[in-house]
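Welcome! Let us take a walk through this model together, one stop at a time.

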Amino acid sequence: MDFNQMGRLLKLAETVDLDQVMHLAEKVDLAEVIQAIAGLDQATLDAMVKMLKRQANGQSHPPPPVDGDFYRIADLLTDEQRAVQQRVRRFMETEVQPIINEYWQRDEFPKRLLPAFRELDLIRAIFNDDGSRKPGASLTEGIATMEMARVDVSTATFFGVHAGLAIWSILLGGSDAQVRAWLPKLLDMEVIGAFGLTEPEVGSAVAGGLTTTCRRDGDAWVLNGEKKWIGNATFADVIVIWAREEASGAVRGFLVRPDNPGYHVEKIQGKIALRAVENGHITLTDCRVPEADRLQKVDTWRTVADVLRATRAGVAWQGVGCAMGAYEHSLRYARERRQFGRPIGRFQLIQDKLVFMLGNVTAMQTLCVRLAQLQDAGLMRDEHASLAKVFTAARCRDTVALARDLHGGNGILLDHHVARHFCDTEAIYSYEGTNEINSLVVGRAITGESAFV
Ligand SMILES: Cc1cc2nc3c(=O)[nH]c(=O)nc-3n(C[C@H](O)[C@H](O)[C@H](O)COP(=O)(O)OP(=O)(O)OC[C@H]3O[C@@H](n4cnc5c(N)ncnc54)[C@H](O)[C@@H]3O)c2cc1C
């Protein structure tokens with residue numbers, strides 16, 4: 001072997017995985033191999049170097065697809081549901097993903113997406129014109145929510161507040177005339193809804209502790225109090241406000257419009273989660289609302305509880321989607337990011353993290369599919385929705401933490417997306433009942449003992 005050939009051989013050796021060489025060396029006569037290589041011409045040697053480089057990069061076979069649906073949940077969907085899933089996925093990947101970090105950073109909801117959102121015609125895939133639910137609506141809604149949160153939880157939250165909390169409040173609390181007046185516009189997203197229950201001093205204890213008051217005054221009602229954290233409130237056309245009647249103590253619901261006298265909203269600043277959701281702090285100062293805008297069927301907490309049960313399932317699906325997105329970003333990153341001369345996805349500890357994440361995602365998906373089946377069959381109880389919310393919020397937290405970790409320093413940069421998922425999970429954990437409160441709901445159901453106070 002001459003000097004040049006030796007140089008080329010060393011160059012070749014640099015590109016290959018030493019473990020692989022040692023493994024090969026046990027099986028073949030190395031002297032014979034070296035002799036054969038030394039006899040090769042330059043073109044063949046170059047081709048071999050290229051091939052080995054591709055192998056060292058893990059590109060010799062097309063890599064398996066990056067797919068967070070490991071147990072083929074999509075196979076359980078009807079053709080219509082799969083079409084909704086694909087429509088939402090396309091919208092999220094092409095319209096939302098490219099701009100969302102900018103809006104998240106600016107603390108602003110991307111209202112320019114509303115026309116494209118309307119074109120998705122998503123809410124009409126869930127509700128019929130009269131407000132009844134389409135067959136399999138809960139699974140359709142769940143899968144759509146998962147797809148949204150897979151890319152961005154703020155978008156899923158905007159949708160959940162409007163299509164869940166606001167629409168359910170009107171459907172369950174409104175008279176037939178109110179439903180007829182509002183529902184078509186809400187289904188088409190011609191008007192956007194919000195839901196005002198939580199108050200600055202009353203969060204978890206709001207069921208018995210509403211301090212916002214209402215009193216009848218002729219043809220109108222007079223509302224006083226404050227509401228905190230109200231999603232979409234800064235731009236919503238109608239805000240459902242829950243209050244307690246001064247005289248009777250009854251719970252009442254009102255359809256408040258931003259131009260009602262005495263209504264004021266300010267955007268809450270400085271959040272570290274769901275920054276692209278605009279949460280409002282509402283002040284009601286002798287706010288006058290016509291009797292015609294009081295939700296006519298509401299006089300107890302029961303209506304609010306029914307709304308929250310329906311929407312809590314949606315929040316469970318948000319956890320699924322958020323974790324699924326974090327897992328997929330991580331798998332992609334593990335293939336691209338190289339350290340110690342190889343993709344980090346070749347390290348055992350990295351694979352272990354990915355498998356743990358995928359296990360979480362798969363468990364969450366299968367749990368929520370069953371929850372949706374119970375919901376569609378009219379069998380879902382409070383504790384069913386609460387268990388799913390507790391489980392997915394906690395598993396999502398584990399999953400996004402691993403995703404952030406797997407991205408190293410890049411895990412705290414918005415550019416790589418998992419940082420947003422990491423932060424947004426904190427809101428999932430705390431809203432629609434904190435994980436502690438939802439745990440207590442399940443605890444009460446299984447022990448027969450209420451441990452809230
Ligand atoms: C991003 C975001 C969006 C939201 N959107 C809306 C919205 O659109 N509309 C709306 O009405 N509300 C909204 N909320 C409010 C949300 O529902 C409340 O934050 C939630 O109910 C918790 O109330 P709190 O924040 O006042 O916490 P608190 O009730 O003050 O709880 C503080 C801590 O004490 C724990 N705790 C309380 N009671 C018990 C108990 N009995 N046993 C054990 N632990 C207990 C809680 O779990 C929590 O860890 C939103 C909140 C966030 C963060």
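**Starting at the ligand**

A good place to begin is the ligand, which has 22 residues around it; L197, G203, S204, T434 and E436 come nearest. Four elements each give two or more residues to this shell: the strands β1 (193-196) and β3 (220-231), and the helices α14 (418-430) and α15 (435-447). The biggest share comes from β3, with 3 residues. Sorted by class, the shell around the ligand holds 11 nonpolar residues, 9 polar ones and 2 charged ones. Please keep in mind along the way that this is a predicted model.

Now step back to take in the whole protein chain. It is built with 15 helices and 9 strands. Along its principal axes, the C-alpha trace spans about 105 × 45 × 40 Å. The protein chain has 453 residues, and 42% of them count as buried. If you look at the contacts in the protein chain with a separation of 6 or more, 76% are between residues 24 or more positions apart.

Next, find strand β4, which covers residues 238-245. Is this strand mostly covered or mostly open? It is mostly covered, as 6 of the 8 residues of β4 are buried. Three strands pair with β4, and we can take them in turn. With β1, which we met beside the ligand, β4 runs parallel and shares 4 bridges. Here A194 stands opposite I239 of β4. Strand β2 (residues 213-217) also runs parallel to β4, joined to it by 2 bridges, and T213 faces R244 across this pairing. Strand β5 (residues 251-256), by contrast, runs antiparallel to β4, with 6 bridges between them. One of the pairs here is A243 with R252 in β5. The hairpin of β4 and β5 has 5 residues between the strands, and in it G249 takes a positive phi near 80°.

From the strands we can move to a pair of helices. Two packed helices are described by the angle between their axes and the distance between the axes. For helix α7 (residues 137-151) and helix α8 (residues 153-173), the axes come within 6 Å and cross at roughly 145°. On the α7 side, the residues that meet α8 are T145, M148 and A149; on the α8 side, they are V153, T155, A156, F159 and G160. The residues of this contact divide into 5 nonpolar and 3 polar, with no charged ones. An α-helix has 3.6 residues a turn, so residues three or four places apart point the same way.

Helix α15, another element of the ligand shell, lets us try a small check. At 1.5 Å a residue, the 13 residues of α15 should span 18 Å, and the end C-alpha atoms of α15 are indeed 18 Å apart, so the two agree. Just after α15 comes G448, whose phi is positive, near 80°.

Our last stop is a loop. Between α12 (348-376) and α13 (382-406), you will find G378. Why is G378 called exposed? G378 has 7 other C-beta atoms within 10 Å, and a residue with 12 or fewer counts as exposed. How far is G378 from N224, computed between their C-alpha atoms? The two residues are 154 residues apart along the chain, and their C-alpha atoms are separated by 37 Å.

How values were computed. Residues are numbered from 1 along each chain as its sequence is written. This is a predicted model: local features need pLDDT of at least 70, side-chain atom pairs count only at pLDDT 80 or more; totals for chains, interfaces and linings use all residues. Axes are lines fitted to C-alpha atoms, for helices over the stretch in contact, and angles run from 0 to 180 degrees between N-to-C directions. Two residues are in contact if their C-beta atoms, placed from the backbone, lie within 7 Å. Ala, Val, Leu, Ile, Met, Phe, Trp, Tyr, Cys and Pro count as nonpolar, Asp, Glu, Lys and Arg as charged, and the others, Gly among them, as polar. A residue is near a molecule or strand if its C-beta atom, placed from the backbone, lies within 6 Å of it. The expected span of a helix is 1.5 Å times one less than its number of residues. A residue is buried if 20 or more other C-beta atoms lie within 10 Å of its own, exposed if 12 or fewer, and partly exposed in between; C-beta atoms are placed from the backbone. Two strands pair if DSSP finds at least two bridges between them.
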